Number of protein chains: 2
Amino acid sequence: MPQKNVDVLGIGNAIVDVIARQEEAFLGLHGLDKGSMLLVDEDGILSLYDKIGPATEISGGSAANTIAGVTSLGGSACYVGKVAADQLGEVFAHDIRAAGVAFNTPFLKDGPQTARCIVIVTPDGQRTMSTYLGACAMLGPDDVVEEEIAAARITYLEGYLWDRPNAKEAFRKAAQLAGKHKRQTALTLSDSFCVDRYRESFLSLIRDGVDILFANEAEILSLYETSSLQQAMTAVAKDCSLAAITRSERGSVIVAGSSVTEVSAQPVAQVVDTTGAGDLYASGFLFGHAHDKPVAECARLGHVAAAEIISHIGARPQVELKSLV
Amino acid sequence: MPQKNVDVLGIGNAIVDVIARQEEAFLGLHGLDKGSMLLVDEDGILSLYDKIGPATEISGGSAANTIAGVTSLGGSACYVGKVAADQLGEVFAHDIRAAGVAFNTPFLKDGPQTARCIVIVTPDGQRTMSTYLGACAMLGPDDVVEEEIAAARITYLEGYLWDRPNAKEAFRKAAQLAGKHKRQTALTLSDSFCVDRYRESFLSLIRDGVDILFANEAEILSLYETSSLQQAMTAVAKDCSLAAITRSERGSVIVAGSSVTEVSAQPVAQVVDTTGAGDLYASGFLFGHAHDKPVAECARLGHVAAAEIISHIGARPQVELKSLV
């Protein structure tokens, strides 16, 4: 039986990150666009894997990182995502459960392997990702369980899901069920290329009732096809009741109708790896929102969580975030 | 065809480390002896895995870490060890090859999974290990290739191999072949419990012609069943022409017949995870020795490599060690 009340349920691509450091030149050599996420097929991921140096494997996946951050902050959470019945699938399931997250999605048998994302970290701490979706492509509406959605104060969806038809259906079902049970839905736009691929769908979704929208500056500009943040903010205020726009070291801007709140980023001694910065900002924001905090406090919690994650390799917290807030 | 001349060939248990942080109390609760390595069966590793928090997977294995350190210092190296044809086996093979090491041991099919070592890192940076040997147990004499041994200036063997009969035979074959080709052999005692299990065998091996012996203080005391380092040093001087005894933050002592050389450790700003400290000391020492450096310089190289490895999580170098020496 699912828990009666859960702060946040996340649905996303369940991925194990393969993190390797490379010099800047490596990106150009292999046609990688710095800071972005590129989808590759199995041959593509194997070929890139052959070229990178020694790596570290850590559970990842954008919404999964966010959800692990919610429990680390002391919240309760549930995750829906598809891994294969293989060793990396076991690693993913172990890590998210060990973080205190309910994870009940059945493992995929006789299909593609668990998804992997090769994360190239350059000396400036920026990350460039190449993702093989593997088993994630088989996430479907049957994996979305009505009782779980009904139990969650907020259902959080990642834009990346839109890349596969089954997962998109799962996403739609979850959004509908959240509406039916008068629960909130949150969406992250995930990546500016992802926005470019699905601009119209995302705009309809947002206008049809996304309660909280997460985007970074590049994503919100891409969504509204403008180069002016002010214009994008004006546009999003009409489409969505609450939008949190992250601006890296410049903090975040929260747009709620005519009210605009700017919140500073947390100082970080050394940026080691920016992987997960946006994901963990969402952890803090969602945790705060589920506990009825004012938006400035939600954003502050987001910046504290993001500051922890960028101070080390990997996109899962290494200390209990609740000890930091 | 194997390379004509290689600095060091290492033979060991090919293991993927599963690293998790825990408070000190966790060790007592689960009967783990701090700082040691415990062998567990498949049920044992799965049961412990259920209890640890979120983890990071990084290629490990004592001799494999040493060998990866040798190439990171600019040396040439070859590794012999058994992984299964599974995802963790692919991770291990990728990482060691990406480190520039020749690794030609065939993958095990239809047998146990690739070995895993759960490494519990306590807040003081100490590590406590529980190892499931899995596919390693199937390393055998057929995996030791005469041309590879003949090509290596030094063949480096890990004491842990003694834990499995097949691997012990592989070890013996390698030592004999090195002798036949007038190459040097080096042995690390690996762990004081390991010494306790195989004291007589290790003593015969050393007396029969190990050229370089690596041990930490606890291991050398256990080998000679004494509580006096001075007595152990006197004893080892008779049994072996060159012994390097590591003493954590107190540096190392090199015993070569009647000559004793003390070398200081390298200062480290913060000890994050001591996993691999001994392994990387051996990297530096072996690299220096293969390049005919005096023992004090060999030891200094060892301390530089060890200092890098304990300043981060995981037992494989994160920067090119040659840039540090």
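A:Glu57 has B:Glu57 as its bridge partner in β4(B). The two β4 strands, residues 56–59 of chain A and β4(B), pair in the antiparallel sense over three bridges. This is a predicted model. B:Glu57 is also the residue of chain B that comes closest to the rotation axis, at 2.4 Å (C-alpha).

**Symmetry of the two chains**

- A turn of 180 degrees and a shift of 0.0 Å along the axis lay chain B on chain A, with an RMSD of 0.0 Å.
- The two copies are therefore related as by a two-fold rotation axis.
- Both copies use the same surface: 100% of the contact residues of chain B recur in chain A.

**The side of chain B that touches chain A**

- On chain B, 19 residues are in contact with 19 residues of chain A.
- Two elements of chain B, β4 (56–59) and α4 (87–98), each supply at least two residues of this side.
- The largest share comes from α4(B), with six residues.
- By class, the residues of this side are nine nonpolar, six polar and four charged.

**The sheet of chain B**

- Nine strands of chain B make up an open sheet.
- Their order is β6-β5-β1-β9-β10-β11-β12-β13-β14.
- The pairing in this sheet is mixed.
- In general, strands of a sheet pair through backbone hydrogen bonds, either parallel or antiparallel.
- At the edges stand β6 (102–103) and β14 (259–263) of chain B, each pairing on one side only.
- Within the sheet, β10 (residues 184–188) and β11 (residues 212–216) of chain B pair in the parallel sense.
- That pairing runs over three bridges.
- B:Leu187 has B:Leu213 as its bridge partner in β11(B).

**Helices across the sheet**

- Helix α3 (residues 62–72) of chain B lies across four strands of chain B: β1 (6–11), β5 (77–80), β9 (152–158) and β10.
- Helix α3 of chain B runs at about 165 degrees to β1(B).
- Helix α9 (residues 229–239) of chain B lies across β11, β12 (242–246), β13 (252–256) and β14 of chain B.
- Helix α9 of chain B runs at about 40 degrees to β13(B).
- Among the strands under α9 of chain B is the edge strand β14.

Conventions: Residues numbered from 1 in each chain as written. Chains lettered and ligands numbered in written order. Predicted model: local features only at pLDDT ≥ 70, side-chain atom pairs only at ≥ 80, totals over all residues. Pairing = 2+ DSSP bridges. Contact = placed C-beta atoms within 7 Å. Axes fitted to C-alpha atoms, helices over the stretch in contact; angles between N-to-C directions. Least-squares fit on C-alpha atoms with pLDDT ≥ 70 in both. Nonpolar A, V, L, I, M, F, W, Y, C, P; charged D, E, K, R; others polar.
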